[in-house]
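Welcome! This short report walks through one protein chain, moving from its surface to its interior. Take a look at the structure first, and then read on.

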Amino acid sequence: MEKKKFRSKKGAERVSLVLIYAILIIISLIWLIPFLMLIILSFRGEQVGMSVDYLFPKQWSFNNYVRLFTETKFLTWYGNTLLVSVIVTVVQTVIVLMTSYALSRLRFKLRKPLMNLMLILGMFPGFLSMTAVYFVLKEIGLTQNLLGLILVYSASSAMQYYICKGFFDTIPKSLDEAARIDGASRHTVFLKIILPLAKPIIIYTILTAFIAPWGEYMFSSFIMLGNDDKFTVAVGMKSWLDNATLMGQEGYFPIFCAAAVVVSIPITALFIWLQRYYVEGVTGGSVKG
């Protein structure tokens, strides 16, 4: 009797697992459909717009990728975006790690009010201050300048502390205390003890810091204001769609799809390469607040 109950329970678990995996596969396929369509459209040989009554190209061609690199300023925009993203990633990662360590390990007056204030400010979208930020940059001569864009992206880095701080909270404070007894400074404890144990959250911070400026559009389009030599890829690609709409140049849409595929490669490669550390950083940083 007990064996029958065990077998029936095991069979029910198998059925539930099959159903769960089937649902996850269906959701994954639905999620991947737009990306597959983007890749297919990037190889479309005929010059058509966004609205067509068929999916697969009548002519397959690499010409859209050739035109992308030879007839447009895509490489310039790509270089601008890469430069901004790398610098912002370095600056933001350093600021977030130092801020998180200080809030996790140090105890000082107004610590909790400061943390609450940063959380509250982080609830408001950044574009609310876009006009004020533009006029400040204009006064110091940093409009239509990549340095101004870097400053905007890096300015609120400390407010991203909460996940990283939660991870630091999981590292035993006894390690810090033992090192301090042996004569190590706070600087040495942070660099030689905490950071080697915090690899997952460092990877998480790097990924999130890199992704944000890579695809951001609103601030970059507002700050550059028509200087196409300083465009990021998001602003430049949007300008193609605007020109196609205004001037009837529908042939730019397949090139737009090719550019979207090229732009997605670094992010996809980073996620595939660092996925394990990313998950560990998110789960480890959400344990404590």
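Let us begin on the outside. Leu17, Ile20, Tyr21, Ile23, Leu24, Ile25, Ile27 and Leu29 together make a nonpolar surface patch of about 800 Å². One of these residues, leucine 17, sits in helix H1, which covers residues 2–42. Its relative accessible area is 45%, so leucine 17 counts as partly exposed. Please keep in mind that everything described here comes from a predicted model.

Now for the overall picture. What does the secondary structure of the chain come to? It comes to 13 helices and 0 strands. Following the sequence from start to end, you meet the pattern α-α-α-α-α-α-α-α-α-α-α-α-α. The chain has 289 residues, and 38% of them are buried. Its accessible surface amounts to about 17500 Å², with 69% of that belonging to carbon and sulfur atoms. Among contacts with a separation of 6 or more, 74% link residues that lie 24 or more positions apart.

**Into the cores**

Going inside, the largest nonpolar core is built from 37 residues. The residues with the most contacts inside this core are Leu68, Phe74, Val84, Tyr153, Val233, Met237 and Trp240. Which elements give two or more residues to this core? They are helices H2 (63–70), H3 (74–105), H5 (130–139), H6 (146–154), H10 (199–215), H11 (218–224), H12 (233–247) and H13 (252–285). The largest share comes from H13, with 11 residues.

Leucine 68 offers a good view of this packing. Setting aside residues up to four places away in sequence, leucine 68 touches Phe74, Trp240, Ile255, Ala258, Ala259 and Val262. There is also a second, separate core, which has 18 residues and includes Ala179, Ala184, Val189 and Leu195.

**Two residues of helix H3**

Helix H3 is home to threonine 81 and also to valine 90. Is threonine 81 buried or exposed? Threonine 81 has a relative accessible area of 0%, so it is buried. Apart from neighbours within four places in sequence, threonine 81 is in contact with Pro213, Trp214, Thr232 and Val233.

Valine 90 gives another picture. With a relative accessible area of 51%, and because exposed means over 50%, valine 90 counts as exposed. The C-alpha atoms of valine 90 and serine 154 are separated by 9.6 Å, while the two residues are 64 residues apart along the chain.

**Two positive phi angles**

Most residues other than glycine have a negative phi. Here are two loop residues to look up in the model. Leucine 110, which is not a glycine, has a positive phi near 65°. Leucine 110 is in the loop between H3 and helix H4 (111–122). Glutamine 144 is not a glycine either, and its phi is also positive, at about 55°. The loop between H5 and H6 holds glutamine 144.

To finish, this table gathers the accessibility of some residues met along the way.

| Residue | Relative accessible area | Class |
|---|---|---|
| Leucine 17 | 45% | partly exposed |
| Threonine 81 | 0% | buried |
| Valine 90 | 51% | exposed |
| Leucine 110 | 65% | exposed |
| Glutamine 144 | 36% | partly exposed |

Note on methods
Residues are numbered from 1 along each chain as its sequence is written. This is a predicted model: local features need pLDDT of at least 70, side-chain atom pairs count only at pLDDT 80 or more; totals for chains, interfaces and linings use all residues. Side-chain values use heavy atoms; hydrogens and water are left out. A nonpolar core is a set of buried Ala, Val, Leu, Ile, Met, Phe, Trp, Tyr and Cys residues joined through side-chain atoms within 4.5 Å. Buried means under 20% relative accessible area, exposed over 50%, partly exposed in between (1.4 Å probe, protein chains only). Helices (H or I, at least four residues) and strands (E, at least two) are DSSP runs, numbered from the N terminus. Contact means heavy atoms within 4.5 Å. Accessible areas come from the Shrake-Rupley method with a 1.4 Å probe; for residues, only the protein chains shown count as cover. Patches are made of residues with over 30% relative accessible area and no salt bridge: like charges are joined within 9 Å, nonpolar side chains (Val, Leu, Ile, Met, Phe, Trp, Tyr) within 5 Å. A salt bridge is a side-chain nitrogen of Lys or Arg within 4 Å of a carboxyl oxygen of Asp or Glu.
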